[in-house]
Amino acid sequence: MIVLYTDFGSTDIYVGQVKGVLAEWAPGVAVVDLAHDLPPFGVRPAAHLLDALARRFPADAVFCCVVDPGVGGPRRGAVLEADGRWYVGPDNGLLSVVGARSALRRTFRIDWRPAHLSNSFHGRDLFAPMCAWIAAGPFPADKLVPTDGLDVQFGPDDSPTIIHIDHYGNALTGLRAGAIDAEAGSALEVAGRRLMPARVFADVPPGALFWYENSLGLVEVAAREGSARASLGLVVGMPVRMVRPGEGAGP
Amino acid sequence: MIVLYTDFGSTDIYVGQVKGVLAEWAPGVAVVDLAHDLPPFGVRPAAHLLDALARRFPADAVFCCVVDPGVGGPRRGAVLEADGRWYVGPDNGLLSVVGARSALRRTFRIDWRPAHLSNSFHGRDLFAPMCAWIAAGPFPADKLVPTDGLDVQFGPDDSPTIIHIDHYGNALTGLRAGAIDAEAGSALEVAGRRLMPARVFADVPPGALFWYENSLGLVEVAAREGSARASLGLVVGMPVRMVRPGEGAGP
Amino acid sequence: MIVLYTDFGSTDIYVGQVKGVLAEWAPGVAVVDLAHDLPPFGVRPAAHLLDALARRFPADAVFCCVVDPGVGGPRRGAVLEADGRWYVGPDNGLLSVVGARSALRRTFRIDWRPAHLSNSFHGRDLFAPMCAWIAAGPFPADKLVPTDGLDVQFGPDDSPTIIHIDHYGNALTGLRAGAIDAEAGSALEVAGRRLMPARVFADVPPGALFWYENSLGLVEVAAREGSARASLGLVVGMPVRMVRPGEGAGP
């Protein structure tokens, strides 16, 4: 399957153009819209969110990733194979968190130009055909040059920031919850507030603010039947901090 | 085909995760997005809208229905077979209008847990695999327990309220138009106004407010080339009342 | 493949109903959402945008086109074959720019009514089945009557207006860039400003306003990492004018 992960806007005219290319070049391959409303210039939060989302997909998935404010400039196109999944997109850091956290990875530079390459829509002209070849074959070995790694690397560390706010108003952070002892009562500092953990929405009263381990394994700020975004004035990029029980306030 | 009917948000990251599961577990089965922007906590209006929408789909359709403010709490998962179509979702009333209006129905409790069940995303972890098995086989008989009926039942009656407002600003009600004599001139009371019926938008002047039998067979409040929502301040849940010719004003 | 081009709203309940029909009547045919958020009553800009978008699709594509404020009124349904692609929709001008610019074209009137034709949703009841037959066969020759041309024709000329504003805030015009000498420095007048051309976003400083030939070959008003819409107060339908070097201000 080919999975689309972009800032093209789900209400706009760009996703359909990419899907037209995929339907022509990779007929019969399932195409899944994972995200199309990522913040247009937010490469770093999108890189962290991609890692959390992608590891739920099967090993044969090919991700077409486009958050690309530098399109038409000097940044290069990259292909990453990481733990069996494939990622195609700009080499601007977007693929780098997945790469840094993978046990097995290979990276390639895209060494191919279509007959007509627009300056502003490499998602359609360059990355979509590449995804089609990787998903449907034949593998485009002659169009890829192995590299030692990605040009731009954000590293494997968690991002102590808000990386996505969903339409319910819940805010996903770049903190993976696995290492945090929620049961011991670690609090999350965000927007000047300290929030306590809960296991699930139904465990707190309506309107209450809390944090919990979400379905992607991330620390998430939430309000039951309410909007944490609106209550706390949250925006993508805002810093968060986990405070262990007994630990003092942050600086 | 599998039909998705949710409040996951068409611009958000949840629908794609469900589709990833379906593409893996039910490859080749068509997946149709019917609604993803239902009001997050509006189980009752969504139950009435589902009945109107679903009966236009063929008998082999499997509906994955998620408006589920109680996810992670005590509410159970249910499967409904109704007049040949299948419905999977929370047993919180969402499936109950379809069920109550069906001539032939069977209900089941979902007696299965995946290896990893999140507390907050049963749509992806529980209902999507169930839909995949029902649509693509083998039928998950060992994972379902027949029940005498749904736990939460809204009954078969019409809902004299606004159940959906579309992006044009037209407001669908939970009144089925079949029993109403529009030609005789029944008026619809809504937001303190009495609106007369029209057959079609082109029959009234631009901007005019009216009601008509919409393409789902429901009474709908509309404005020609304008927004009934904005003109009348309509919101989902607002009461409406049908007034037969000669009948006095409501209480 | 069947390509959907409508004002049905990507967040609403209409696209899914159309896809239900297509999944039943044309199983296995790829369905691509090209646009669903066209301005509801903007037939003319949608006609120009359709021409720019459609010529990127393969010759076997069938376009289901619905911007149809006159649905239920006297306007007829039309089928257009143009340069090998097929277009189905209302005969209100929507298909006419594609038709006027095509070297080879045939036009038909839809001479068929389904058993149940709603007054307000011909996209689902009339145009979707027609698209399914054209895409999946058998060709519905008995349901189409050849005509000498479309009833409403906008002609082949460029439209010196804004025809679409994307979610980044960039504004597409109805001017095809091919005939314009951008390198010579032609300026674009819009909203009382004169904008100079650039080749690509990366060539101008962040926030700068410019025009460029976009990936569809159209003249587009843009701001680097900013919103031209917000900066200039742009709306669909606003006039634009190309000013050649040395040419004076417009009237």
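Chain A meets chain B through 24 residues on each side, where two residues count as being in contact if their C-beta atoms, placed from the backbone, lie within 7 Å. The model is a predicted one, in which local features need pLDDT of at least 70 and side-chain atom pairs count only at pLDDT 80 or more, while totals for chains, interfaces and linings use all residues. Residues are numbered from 1 along each chain as its sequence is written, and chains are lettered from A and ligands numbered from 1 in the order in which they are written.

On the side of chain A that touches chain B, the largest share, four residues, comes from strand β2 (residues 31-35) of chain A; helices (H or I, at least four residues) and strands (E, at least two) are here DSSP runs, numbered from the N terminus. That side of chain A is made up of 13 nonpolar, five polar and six charged residues, with Ala, Val, Leu, Ile, Met, Phe, Trp, Tyr, Cys and Pro counted as nonpolar, Asp, Glu, Lys and Arg as charged, and the others, Gly among them, as polar.

Between chain A and chain C, the contact again takes 24 residues from each chain. On the side of chain A that touches chain C, helix α1 (residues 14-25) of chain A gives the most, with six residues, and the residues of this side divide into eight nonpolar, twelve polar and four charged.

The arrangement of the copies can be described next. Two copies of a chain are related by a rotation about an axis and a shift along it. Chain A can be laid on chain C by a turn of 120 degrees and a shift of 0.0 Å along the axis, with an RMSD of 0.0 Å, the superposition being a least-squares fit on the C-alpha atoms of residues with pLDDT of at least 70 in both copies. The two copies are therefore related as by a three-fold rotation axis. In chain A, the C-alpha nearest this axis belongs to Ser10(A), at 4.4 Å from it, and 4% of the contact residues of chain A recur in chain C, the copies using different surfaces. Chain A is likewise superposed on chain B by a rotation of 120 degrees with 0.0 Å of shift along its axis, at an RMSD of 0.0 Å. Only 4% of the interface residues of chain A are also interface residues in chain B, so these copies too meet through different surfaces.

Within a single copy, chain A is divided into domain 1 (2-147) and domain 2 (159-243), with bounds that come from an automatic or database domain assignment. The C-alpha centres of the two domains of chain A lie 29 Å apart, and their contact takes eight residues from domain 1 and eleven residues from domain 2. On the domain 1 side, these are five nonpolar, two polar and one charged.

Helix packing can be followed in chain C, where helix α1 (residues 14-25) and helix α4 (residues 122-136) pack at an angle of about 35 degrees, with their axes 9 Å apart; axes are lines fitted to C-alpha atoms, for helices over the stretch in contact, and angles run from 0 to 180 degrees between N-to-C directions. Gln17(C), Val18(C), Val21(C), Leu22(C) and Trp25(C) in α1(C) meet Gly123(C), Arg124(C), Ala128(C), Pro129(C) and Ala132(C) in α4(C). The residues of this contact comprise seven nonpolar, two polar and one charged.
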